[in-house]
Amino acid sequence: MGYGMSRLEDEYYEPEGQDTDGSSSVQVNDEFSKLHNDIFHMTRMRSGLSESIYKSMGTNRGIISTAKLLSGREVDCSGKGKFSSGDRAFVLGRYVPMNGPEFLDRMDSRAYVSQFSADGTLFVAGFQGSHIRIYDVDRGWIIHKDIHAKSLRWTISDVSLSPDQRYLVYSSLAPIIHIVNVGNAARESYANVTDIHDGLDFSQHEDVQYAFGIFSVKFSSDGRELVAGSNDEAIYVYDLHANKLTLRLPAHTSDVNTVAFADESGNLIYSGSDDTLCKVWDRRCLSTGQAAGVLTGHLHGITHIDSRGDGRSFISNGKDQAIKLWDIRKMMSNADSCADGAPSWDYRYSRYPKQLKQLKHPHDQSLATYQGHSVLRTLIRCYFSPAYSTGRKYIYTGSFDSNVYIYDVVSGSQVAKLNGHQKAIRDCSWHPIEPTLVSSSWDGRVAKWTSARDEEASDVD
C-alpha cells in the first residue's frame, strides 16, 4: 500500500536578542573566528535589524526599544510598509520562552520524544509506556489523538509527522516502523483495533543479517520517503509511495543514533554514530557506498543531529557533553573513528569523568562547541531555534540534569536554563512561530514555557 501526501505551504520567519545571563560556554575554532565564518554572519543578518531601520530612525545600534520599532513600522519609517524577516526576528528573538513551567500532561511512564508540527498547530509526545499523544495546540492543548503503539520494544525511540500532518510514524528498538493515519476523527487509536498501524519492515534487505532496532526516523520534506538510523550500523531509506525499502547503507562502525535530511531537496543526509563521527551522504553519488565526507571533533558518541536547513550546516549533541556546530565544506573524505584513542567511558552508568572534560580532539573540524548541559543515559536531543521567529540565533537542548539549556549561536553564552522537571529531559521543541517551548521528561510530564511578553510579541506580525 502506498501513502500519498501533500506538503503544507511553508512560511518564513526570524528574530534576535535578549540579555544573556550565563557565562560563555562556547569554544570557537580559531581559523573560523579569523575568517568571520559566514554561518555566524548569516545568523547575525537574519536575526538583526536592517540598515534602513537604523537610518530611518536616526538611532545608534542596539538601543531601539520594541515599542519604538512597532511605532516606526506603523508610520512606515523604513519605507517598506512592514518588517523585513530580519527586523521581525530581531524583535521576536527578545521573547525567549523562560516563564514556566505550566504542566500540560502527566503519564505514568518516561517521555522520550516531543515535537511541534511544522505549522505549530499540533504537538506530539511519545512515552515509554506504549503511548503517543497528539495535542491540539490551538484548542487549549486538548488531546487530538491518543495512540496506543503496537509491538513496542523497550520504548518509543522516535516519531515523525508527515509534512501534511496526515500521517505519523513511530519506531522502537525493532526493525518495524509503524505508520498511522492521524487525520481521522477518532480520538483513540488502538493498533489494528480502531486504526490500522501498518508495519513498514526495514529488515527486508539482502544485507540484513540480524534483528536490529531503530533509533531515529524522519520524513522527507515532500512526505514521500523516510530515512532511519539503526543499531546495526546502517542508514535506511523507505519509499512510501512504492511501499518498499529502497536503500541500505552500511554507514558507520557502531550504532547510528541519529539521521536528518540536510535540506528540502532530500539529496543530502546527515548521520551521527557512537563511533564519534558525523557523516554526509550524497544520494546522487552512492555507487561506491562511501560517504561524501566525514566530520571529526566529538570524543564520544553522537546522540542527535539537527540540520540548519541550508544544505551545509548542522549541529550535533554528543556524549562528550558538548554540542558542536558544523560546516560540511570542512569535511574530509575519510577519517578514523574513536576520536584518536579517547579513553572509553559508558554514559549509561556513570557521570562524565572530570579528566575527560579537558580533552580536545586533535582534529576537531567543528566551528564552535557549546557546553553546560549533561548528556547521560539517553540520547539527548538538540535543535536550532525556529527560523521564522529567531533567525536560528539560538541552540537549545534537553539535559540529564532535568533542565533545558538555551545558547546563543554566535556568542555561545547561556541565554536561559529552564528548571522545573524532576528527571532527565530527552527532548524538547520550540514552537515555529510563537515564543513557546515544550519539554518532555522522564518524570512523565509535558511542560510548557512561554515568554513574559507574549502579548507584546503577538503585535510584531
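**A four-stranded open sheet**

In this predicted model, an open sheet of 4 strands runs in the order 24-25-26-27 with antiparallel pairing, where strands are DSSP runs of E with at least two residues, numbered from the N terminus, and two strands pair if DSSP finds at least two bridges between them. Its edges are strand 24 and strand 27 (414-419), each of which pairs on one side only. Neighbouring strands of this sheet are turned by 15 degrees against each other on average, direction ignored, with axes taken as lines fitted to C-alpha atoms and angles running from 0 to 180 degrees between N-to-C directions.

Residues are numbered from 1 along each chain as its sequence is written. Local features need pLDDT of at least 70, side-chain atom pairs count only at pLDDT 80 or more, totals for chains, interfaces and linings use all residues, and side-chain values use heavy atoms, with hydrogens and water left out.

Strand 24 (residues 382-384) is joined to strand 25 by 3 antiparallel bridges, and Tyr 383 has Tyr 396 of strand 25 as its bridge partner. Within strand 25 (residues 394-397), Tyr 394 and Tyr 396 point one way while Ile 395 and Thr 397 point the other way, and all are buried, that is, under 20% relative accessible area with a 1.4 Å probe and protein chains only.

Strand 25 then pairs with strand 26 (residues 403-408) over 4 antiparallel bridges, with Ile 395 opposite Tyr 407. These two strands form a hairpin with 5 residues between them, and Ser 402 in the turn has a positive phi of about 75 degrees. Strand 26 in turn meets strand 27 over 5 antiparallel bridges, where Lys 417 is the bridge partner of Tyr 405.

Key:
Buried means under 20% relative accessible area, exposed over 50%, partly exposed in between (1.4 Å probe, protein chains only).
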